[in-house]
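Colleague: I'd like a close look at one part of this model, starting from a single side chain and working outwards through whatever packs around it. Could you talk me through it?

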Amino acid sequence: MRQQQKSQKLANLLSVLLKISAIVCGTLTFFIIIFQPTNITTTAQEKQFNDTSFQITFQSQLDNGVNHTTAQMWIFTLVLLFSAVLIIAILWLASQIFQELAVQFSPFQEKYVRKLRQISILFFLYALAPQLLYSLLSTLFLPGYLFNFGINIAILFAAVFYLLTEVFRYGVKLQTESDETL
């Protein structure tokens with residue numbers, strides 16, 4: 001009984017910390033968008049997506065003498081906003097899991113499996129979608145074309161959360177069988 005109370009208190013603390021993290025992430029994103037630096041170059045923007053161990057880049061630049069800084073800033077802002085929304089959703093879903101565990105510490109339930117699956121899907125989106133969105137928007141709104149794709153650590157997190165989901169799904173099955181036996 002005492003261990004369950006400790007687990008519930010820890011779950012409550014984690015829920016609050018994750019919600020605070022989601023709010024801080026949203027606030028920082030807002031301030032970055034509002035007070036956007038004007039001297040970000042294409043190279044600096046592309047470095048956001050170059051922290052990968054495996055990467056493919058196809059690029060053709062056409063220089064027609066036009067300054068494309070405004071378009072680059074809008075592209076960067078849209079990709080940043082999309083990424084921030086995904087991170088906020090991941091943190092918020094995780095906080096909901098811990099909030100529900102703080103009330104009743106019974107982790108092997110189908111509702112947690114669904115939320116963990118949603119988190120793993122969001123992690124997969126976070127790993128792949130921003131770099132593809134950046135490539136698409138750059139190709140559409142800047143002269144030339146850009147295709148930049150890499151595999152980064154977010155893929156590993158997505159895979160871990162997917163495996164964790166499967167472990168919890170199996171735990172739910174065992175819990176159901178155990179409850180039916182008793």
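Let's start with Ser83: is it buried or exposed, and what is its relative accessible area?

Modeller: Bear in mind that this is a predicted model. Ser83 comes out as buried, with a relative accessible area of 13%, which puts it under the 20% cut-off for that label. The residue belongs to helix α3, a helix that runs over residues 69-103. Leave out the residues up to four places away in sequence, and what Ser83 touches is Tyr126 and Pro130. Tyr126 is part of α4, so that's the helix to look at next.

Before that, a bit of context. The chain has five helices and two strands, arranged along the sequence as α-α-β-α-α-β-α. Of its 182 residues, 32% are buried. The contacts are mostly long-range: take those with a separation of 6 or more, and 84% of them link residues 24 or more positions apart.

Now the pairing of α3 with α4. The two axes come within 9 Å of each other and cross at roughly 175°. Anything over 145 degrees counts as roughly antiparallel, and therefore α3 and α4 get that description. The residues that make up this contact divide into 26 nonpolar, four polar and three charged.

Leu133 gives you another view of that pairing. This residue lies in α4 and is partly exposed, at 24% relative accessible area. Setting aside neighbours within four places in sequence, Leu133 is in contact with Leu78, Val79 and Phe82. For a distance to check in your viewer, take Leu133 and Phe76: their C-alpha atoms are 9.9 Å apart in space, although the two residues are 57 apart in sequence.

α3 has a second partner, α1, which covers residues 2-34. Here the packing angle is about 165° and the axes are 7 Å apart. That angle is again over the 145 cut-off, and α1 and α3 are therefore roughly antiparallel too. Their crossing is left-handed. By class, the contact of α1 with α3 has 19 nonpolar, nine polar and one charged residues. If you want a marker on the α1 side, try Thr27, which sits in that helix and is partly exposed, with a relative accessible area of 35%. From Thr27 to Ala84 you get 10.0 Å, C-alpha to C-alpha, across 57 residues of sequence.

Back to α4, which also packs against α5. With α4 as residues 110-141 and α5 as residues 153-181, the angle is about 165° and the axes are 8 Å apart. These two are therefore roughly antiparallel as well, and α4 passes α5 in a left-handed crossing. By class, the contact has 18 nonpolar, two polar and three charged residues. The α4 side includes Val113, Leu116, Ile119, Phe123 and Phe124, while the α5 side includes Ile155, Phe157, Phe161, Leu164 and Phe168. Tyr126, which we met as a contact of Ser83, is also one of the α4 residues that meet α5.

Phe124 is a handy place to zoom in on this pairing. It lies in α4 and is partly exposed, at 34% relative accessible area. Not counting residues up to four places away in sequence, Phe124 touches Ile155, Ala158 and Ala159. The C-alpha atoms of Phe124 and Ala158 are separated by 5.4 Å, with the two residues 34 apart along the chain.

As for α5 itself, its 29 residues reach 42 Å from the first C-alpha to the last, close to the 42 Å expected at 1.5 Å a residue. The buried residues of α5 are Ala154, Ala158, Thr165, Phe168, Gly171 and Val172, and they pack against α4. When you look at how such a set is spaced, remember that an α-helix has 3.6 residues a turn, so residues three or four places apart point the same way.

So, going outwards from your serine: Ser83 is buried and touches Tyr126 and Pro130, α3 runs roughly antiparallel to α4 and to α1, and α4 in turn runs roughly antiparallel to α5.

Technical notes. Residues numbered from 1 in each chain as written. Predicted model: local features only at pLDDT ≥ 70, side-chain atom pairs only at ≥ 80, totals over all residues. Heavy atoms only, no water. Axes fitted to C-alpha atoms, helices over the stretch in contact; angles between N-to-C directions. Helix = DSSP H or I, 4+ residues; strand = E, 2+ residues; numbered from the N terminus. Parallel < 35°, antiparallel > 145°, perpendicular 65-115°, else oblique. Left-handed = near helix turned anticlockwise from the far one by under 90°. Contact = heavy atoms within 4.5 Å. Nonpolar A, V, L, I, M, F, W, Y, C, P; charged D, E, K, R; others polar. Expected span 1.5 Å × (residues − 1). Buried < 20%, exposed > 50% of the residue type's maximum accessible area, 1.4 Å probe, protein only.
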